[in-house]
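Got a minute for a quick tour of a protein model? Have the sequence and the 3D view open, and click along as you read.

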Amino acid sequence: MSFADESSYLSQDIGEVDPDVARLLRAEVERQAETLEMIASENFTSQAVMQAVGSVLTNKYAEGLPHRRYYGGCEVVDQVEELAIERAIEVFGCEHVNVQPHSGATANEAAYQAVLTPGDRVLAMALAHGGHLSHGLKVNFSGRLYEFHHYGVRRGDCRIDMDQVAQMAREVRPRLIVAGASAYPRIIDFPAFREIADEVGALLMVDMAHIAGLVAGGVHPSPIGIADIVTTTLHKSLGGPRAGMIMCRADLGSAVDRAVFPGLQGGPLMHVIAGKAVALGHALTDEFRDRQRQVVVNTSVLADGLLGGGVALVTGGSDNHLILVDLSGTELTGADAEVRLDRAGITVNKNGIPFDERPPTVTSGLRIGTPALTTRGLKEVEMAEIARIISAALVPEVSESELGSLRERSRAISDRFPLYPRLVSGSAIA
Ligand SMILES: *Cc1c(COP(=O)(O)O)cnc(C)c1O
């Protein structure tokens, strides 16, 4: 028997080898197709990206950088990584990029390692006001290794308080200032951060994990050329594979590269890097740019619909891909609201809002995003209908049967926008 034999261990279909896992993969394809996915950090990547991520490149060790590897046989993966690098530079206009970080958190860890020494002071956005756990949460590596101080948003309008950032920067004298958030519905003023960093002699890092797609599509100002280091994920608004990336000024390039490897990671995930190259290729198309514009339009239609339906929003609206529902004045908690929307066929996550009086496991907010559904093809008409469904589901006295009929309305929308038809039809799993 040769290895090419269809019945060999190497060539058998997952459905034959492992029906348990195959069944779960199929169940997840169906779940994604049949519900309305509105988790702001999620998206649907293309079948082309999934083919790259599911490819033979997973077999390859390639520690090091293209043409400077610690393993033989890298002549093909060198070209894959070079393609990803060239496209990242073309999409974002950065001077240097490292495409190897496994995730957004790992990209941040490497970025810190490139410019900081343990114990250094850093100024970043508070998690409770929309920041990320890798921006200095006490139980996270970042908060354990570095001395983080946190700015937040103003009580009145819930916008980032640049006066507070400036004042704290003068007091704390940080080595690094971090801008970027996981739950902030407004445009972030990168030049204002730059000015403050320059005044106190700090470096500026922007973590654009959430908004990278909007930046690539030209619908959010770019931090490239303003920040010294920019970290990102590929899998959120950018719509690529689950992964991270670091861009920086040319003179910080070798420090960043050394921090990623050997500082933090071993072998890069070459199959995922191939997926990044495909995703960055998508980001160069007009279709991608149109879709990013549509993400912002969809969010504003959703916001207007919810406000019209009596739902309060943090900052009263959105400039980007997400909104934060403010339930603080109501009986309903974020946790309850998440379950209700789930029953109504809409997947979101509960989220703390600034000055939240409920604990993080309960919260007074919901974070709702439009990238995934926009990728799926939904536009203004569907967003207006979704706003009506959400408003109805959040009415205090809603009944189980009303949630059931809202679920049918959600299903009617998802049925009109087939997701991965080749996968759902059962001709393939990935
Ligand atoms: C999502 C996110 C990350 C982390 O990305 P992972 O890939 O989940 O590690 C980092 N920073 C911000 C601002 C994020 O929103």
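What follows is a short briefing on the ligand site, the empty spaces, an aromatic pair and two backbone oddities.

Keep in mind that this is a predicted model. The ligand has 14 residues around it, and the protein buries 86% of the 380 Å² that the ligand exposes when taken alone. Elsewhere, look out for a pocket of about 710 Å³, the largest one, and a cavity of about 70 Å³.

**Around the ligand**

- Start with the closest neighbours, which are Gly-104, Ala-105, Ser-182, Asp-207 and Lys-236.
- Lys-236 brings a side-chain N or O atom to 2.8 Å from an oxygen atom of the ligand.
- Gly-104 uses its backbone instead: one of its N or O atoms there sits 2.9 Å from a ligand oxygen.
- Ser-103 has a polar side-chain atom 3.4 Å from an oxygen atom of the ligand.
- Polar residues make up nine of the shell, alongside three nonpolar and two charged ones.
- Which helix gives the most to this shell? That's H5, spanning residues 104-115, with three residues.

**The largest pocket**

- If you want to find the largest pocket on screen, head for Glu-28, Gln-32, Thr-45, Met-50 and Tyr-420, the lining residues nearest its centre.
- In total, 25 residues line this pocket, and by class they split into 13 nonpolar, seven polar and five charged.
- Two helices, H2 (19-34) and H3 (47-53), are the elements that each give two or more residues to the lining.
- H2 has the largest share of that lining, with five residues.

**The cavity**

- How many cavities of 30 Å³ or more turn up? The count is one.
- The largest cavity, at about 70 Å³, is lined by 14 residues, and Ala-181, Tyr-184, Ile-188, His-210 and Ile-211 are the closest to its centre.
- Its lining has eight nonpolar residues, plus four polar and two charged.

**Aromatic pairs**

- There are seven aromatic pairs in the structure, and one of them is Tyr-112 with Phe-148.
- The Tyr-112 and Phe-148 rings meet edge-to-face, with 70° between the planes and 5.7 Å from centre to centre.
- Why look at this pair? Tyr-112 belongs to helix H5 and Phe-148 to strand E6 (residues 147-151), so the contact ties together parts that are 36 residues apart in sequence.
- Helix H5 therefore comes up twice in this briefing: it holds Tyr-112 of the aromatic pair, and it also gives three residues to the ligand shell.

**Backbone oddities**

- Phe-261 and Pro-262 are joined by a cis peptide bond, with omega at about 10°.
- To locate Pro-262, go to the loop between helix H10 (253-260) and helix H11 (270-283).
- Cys-158 isn't a glycine, yet its phi is positive, at about 60°.
- You'll find Cys-158 in the loop that runs between E6 and helix H7 (162-172).

Terms used. Residues numbered from 1 in each chain as written. Predicted model: local features only at pLDDT ≥ 70, side-chain atom pairs only at ≥ 80, totals over all residues. Heavy atoms only, no water. Near = heavy atom within 4 Å. Polar contact = N/O pair within 3.5 Å; in protein donor to acceptor, adjacent residues only side chain to side chain. Areas by Shrake-Rupley, 256 points an atom, 1.4 Å probe, with all protein chains shown as cover. Helix = DSSP H or I, 4+ residues; strand = E, 2+ residues; numbered from the N terminus. Nonpolar A, V, L, I, M, F, W, Y, C, P; charged D, E, K, R; others polar. 1 Å grid on protein atoms, 1.4 Å probe; cavity = no way out; pocket = protein on both sides within 12 Å on 5 of 7 lines; lining within 4 Å. Points joined across faces, edges and corners; volume = space filled by probe spheres on them. Phe/Tyr/Trp six-rings, centres within 6.5 Å; stacked < 30°, edge-to-face > 60°.
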